[in-house]
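Me: I should like to go through the classifications applied to this structure and ask for the reasoning behind each of them.

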Amino acid sequence: MNHAIHLTDEEIALTGAHDVRVAHCPLSNMRLATGIMPLPALHRHGVRAGLGHDGGTNDTSDMFHVMKAAVGLQRARHEDAGIHPTIPAVLRMATLGGAECIGMADRVGSLTPGKRADVVVLDPATLNFAPRFDWTGQIVFNGQPSNVSEVFVDGRLRKSRGELVEVDTARVVREAERAAARLRTAA
């Protein structure tokens, strides 16, 4: 389920009782002014959650920003720095939680023998990670796309030294702009 924002208490309980998984898209919810997902209540009912971007309003495709927003929205709404999702919980939502939500936790979402080798390597020697003492907190609150030095998808190198591998980014941008122009014309 995506955007489970305006659920009643009964619907939240049913969601948990039926093992429904939810995708939390906090940046989309903020941009569209649609509300704030009741993550703490869903969590209390055992609902598993992952993080998402929500295609049309992806806000730079920055998962670090999504993690910060997911934590920050709940803290601001409940005025409680210990409310769910905690910092470790939101990092899990961004990894294994997402894999659980799409039914792929047996293949992706964690560095486990037998799973696909999907790995993001961060460069810890950057100013935004200093001082280095709470790695989980630093990844969630300080992480930026520029910290990603390498990305492997199913064991294949897709980003190296901060640059996409085998991707003509200028062509991708041109094709995206042409597609957007066709959509504007059609609308």
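**Classifications and their grounds**

Me: Why is Asp 134 called partly exposed?

Reply: The model is a predicted one. Asp 134 has a relative accessible area of 35%; partly exposed covers the range between under 20%, which is buried, and over 50%, which is exposed, so Asp 134 is partly exposed. This residue is found in the loop between β3 (119-122) and α6 (135-142).

Me: What makes the approach of the Asp 134 side chain to the backbone nitrogen of Gly 137 a polar contact?

Reply: The side chain of Asp 134 reaches that nitrogen at 3.2 Å. The limit for a pair of N or O atoms is within 3.5 Å, and the distance of 3.2 Å satisfies it.

Me: How do you know that β3 and β4 pair?

Reply: Pairing requires at least two bridges between the strands, and 4 bridges join β3 to β4 (residues 148-153), with the strands running antiparallel. Among the partners, Val 121 is matched with Glu 150 in β4, and Val 120 with Val 151.

Me: What makes β4 and β5, and likewise β5 and β6, paired strands?

Reply: The criterion is again at least two bridges. β4 and β5 (residues 156-160) have 3 bridges in the antiparallel sense; among the opposed residues are Val 153 and Arg 156, as well as Phe 152 and Leu 157. β5 and β6 are antiparallel over 2 bridges, and Ser 160 has Glu 163 in β6 as its bridge partner. Each of the two hairpins has 2 residues between its strands: in that of β4 and β5, Asp 154 takes a positive phi near 55°, and in that of β5 and β6, Arg 161 takes a positive phi near 55°.

Me: Why are β3 and β6 called edge strands?

Reply: The open sheet has 4 strands in the order β3-β4-β5-β6, with antiparallel pairing. β3 and β6 each pair on one side only, and they are the edge strands.

Me: How do you know that Cys 25 and Cys 101 form no disulfide?

Reply: A disulfide needs two cysteine sulfur atoms within 2.5 Å. The closest cysteine sulfur to that of Cys 25 is in Cys 101, 10 Å away, and therefore too far for a bond. The structure accordingly holds 0 disulfides.

Me: Are these two cysteines buried or partly exposed, and on what values?

Reply: Cys 25 has a relative accessible area of 2% and is buried, the limit being under 20%. Cys 101, at 23%, counts as partly exposed.

Me: Why is Phe 64 called buried?

Reply: Its relative accessible area is 10%, and buried means under 20%, so Phe 64 is buried. Phe 64 is found in helix α4 (residues 63-78). Phe 64 and Ala 94 are 30 residues apart in sequence, while their C-alpha atoms are 9.0 Å apart in space.

Me: What makes Arg 48 and Asp 19 a salt bridge?

Reply: The closest N and O atoms are 3.1 Å apart, and the rule asks for a nitrogen of Lys or Arg within 4 Å of a carboxyl oxygen of Asp or Glu; the pair therefore forms a salt bridge. Arg 48 lies in the loop between α3 (39-44) and β2 (49-51), and Asp 19 in the loop between α1 (9-17) and β1 (22-24), so the pair ties together parts that are 29 residues apart in sequence. Both residues belong to a network of salt bridges that links Asp 19, Arg 21 and Arg 48.

Me: How do you know that Glu 175 and Arg 171 are separated by about one helical turn?

Reply: They are 4 residues apart in helix α7, which gives a separation of about one helical turn. They also form a salt bridge, with the closest N and O atoms 2.8 Å apart. By the distance rule, the count for the structure comes to 5 salt bridges.

Me: What makes Val 167 eligible for a nonpolar surface patch?

Reply: Patch residues need over 30% relative accessible area and no salt bridge. Val 167 has 39% relative accessibility and counts as partly exposed, so the area requirement is met. Val 167 is found in the loop between β6 (163-164) and α7 (169-186). Together with Leu 164 and Val 172, Val 167 forms a nonpolar patch with about 240 Å² of accessible area.

Notes
Residues numbered from 1 in each chain as written. Predicted model: local features only at pLDDT ≥ 70, side-chain atom pairs only at ≥ 80, totals over all residues. Heavy atoms only, no water. Patch = residues over 30% accessible without salt bridge, like charges linked within 9 Å, V, L, I, M, F, W, Y side chains within 5 Å. Areas by Shrake-Rupley, 256 points an atom, 1.4 Å probe, with all protein chains shown as cover. Salt bridge = Lys/Arg side-chain N within 4 Å of Asp/Glu carboxyl O. Buried < 20%, exposed > 50% of the residue type's maximum accessible area, 1.4 Å probe, protein only. Polar contact = N/O pair within 3.5 Å; in protein donor to acceptor, adjacent residues only side chain to side chain.
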